[in-house]
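Here is a short report on a predicted model. Please look over the sequence and the structure first.

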Amino acid sequence: MKYLPFVFKHLRRNWVRTTSTVVAMAVCIFLLCTLRSVLSEVDGMLEASSASRLVTRHSVSLTFNLPMAYESRIQSVPGVKRVAKTAWFGGSLPAKKEGQADADAGSDSTTDWSNFFNNMAVDAEAYFAMYPELVVPPDQWQSFKETRSGCVIGSKLAKKFNWKVGDKFFLESFIPPYRRRSGPFEFVVSGIYDADLAKFPGTDVSTMYFHFDYLKEGVAPRDIGVGTFMVEIDDGNQAASVGKAIDALFENSSATSITETEQAFKASFIAMAGNLAFLLNGIGLAVSFTILLVTANTMSMAVRERRTEIGVLKTLGFSSAHVMGFVVGEALLLGILGGALGVFGSQGLLYAVSHAPGVSDILAGIGLTGLELKPAVAVLGFFIAVALGLFAGLVPALSAYRAKITDILRTV
């Protein structure tokens, strides 16, 4: 520690180069931590899926609905325990009350997109039976079942809008078939659900659920169909065979289906961006290699500029190990400063993004409960920064260690 002032003095000698190297290292760690945090959230979302839950949707796209008549036929497939109709409503809090919507039901001028959140129409009894992780107090659950316009909201959503049981609000969908000329749908908060995150990590508590029949009646006489059928099966190991049996029922119909596990269904959203894990890991690896070269070049330049100083230090009695330690210490300090700056920068960005108006709700809409820097990711990022600094300074340090006094002073 007594030599630490010498290390700081050497770094301050060319503060522009030192600062740029630290910033470059910080950017590297910032990207690594941010990208790894996104992947961690995606992995957590997928791990929260159950092997005994399947999703049946239109084989062409989620924008096409399936006929409601498919429900009874799916229920008849051997191995199927229960079936629930679901539809992603895509509603947001409108700027106008019911009855004041534009005459053109396709207009979205009354929609407040900053308050968008995930909301779904479901067969309440069957759907919640499939999801034991969604816990609703018994009295609130009974009220929800008995209230036509009732809804159940997640605890995070209730906290955001300061909603409590009994509150009323309006939602208007941006999906044309779910809009009506009479105005937005009115809802009453019948219950607030929570989840045991210790037992069911990654469970979303920021979604709103309401009765599918309420949506169906609200847009009558239009036949809206079903967005997806949630299917619970008796044995998760039979998911592939049951899925094939369901799809075989409709292979000759005008609306063919595709049935996949809940995990595969969620992963399909991520797949829209390509192989996300390969892409993000590739970016991180390329940036790390680049910063390693930059830092190594910085340390090499610093050693070359101080050849005279190194020769003088050795002449005064400093051993080669001491000189090597000075160079390695500088490189490690660069890594520590860059790593700390990168980790704190990543934490700040993830916090800002997760709490930005509308962004957290969009994340919840695709199943991500939020973005945060996990301690393991922060430690990994800081360790990589220190390792980059160590490896970058190792070659210049060995050069300084092997340099002979006579050779150094001869070239002065």
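## Arg53 and its partners

In which strand does Arg53 lie? Arg53 belongs to strand S1, which covers residues 53-58. Is the residue Arg53 buried or exposed? Its relative accessibility is 3%. The cut-off for buried is under 20%, so Arg53 counts as buried.

The side chain of Arg53 has polar contacts with two acidic-lettered entries in the sequence, Glu133 and Glu262. With the side chain of Glu133 the distance is 3.2 Å. With the side chain of Glu262 it is 2.9 Å.

## The sheet

The model holds an open sheet of 10 strands with mixed pairing. The strand order is S3-S6-S7-S5-S8-S4-S2-S9-S1-S10. Strand S3 (91-92) and strand S10 (257-261) each have a single partner strand, so each stands at an edge with one side lacking a neighbour in the sheet.

Strand S2 (residues 80-88) and strand S4 (residues 118-122) run antiparallel. Three bridges join them. Trp88 has Met120 in S4 as its bridge partner.

## Helices on the sheet

Helix H5 (residues 138-146) packs on the sheet. H5 touches strand S5 (150-154), strand S7 (185-193) and strand S8 (207-211). The direction of H5 makes about 160 degrees with that of S7.

Helix H8 (residues 239-249) also packs on the sheet. H8 touches S1, S2, strand S9 (228-233) and S10. The direction of H8 makes about 165 degrees with that of S10.

## Asn118 in strand S4

Asn118 is found in strand S4. Its relative accessible area is 7%, under the 20% cut-off, so Asn118 is buried. The side chain of Asn118 makes a polar contact of 3.2 Å with the side chain of Thr207.

How far apart in space are Asn118 and Ile153, C-alpha to C-alpha? The distance is 9.9 Å, with their positions 35 residues apart in sequence counted as separation.

## Cysteines

How many disulfides does the model have? The count is zero. Cys28 is in no disulfide, and its nearest cysteine sulfur, that of Cys33, is 9.1 Å away. A disulfide needs the two sulfur atoms within 2.5 Å, so this pair does not qualify. For Cys33, likewise in no disulfide, the nearest cysteine sulfur is that of Cys28.

Both cysteines are buried. Cys28 has a relative accessible area of 0%. Cys33 has a relative accessibility of 0%.

Key. Residues numbered from 1 in each chain as written. Predicted model: local features only at pLDDT ≥ 70, side-chain atom pairs only at ≥ 80, totals over all residues. Heavy atoms only, no water. Helix = DSSP H or I, 4+ residues; strand = E, 2+ residues; numbered from the N terminus. Buried < 20%, exposed > 50% of the residue type's maximum accessible area, 1.4 Å probe, protein only. Polar contact = N/O pair within 3.5 Å; in protein donor to acceptor, adjacent residues only side chain to side chain. Pairing = 2+ DSSP bridges. Contact = heavy atoms within 4.5 Å. Axes fitted to C-alpha atoms, helices over the stretch in contact; angles between N-to-C directions.
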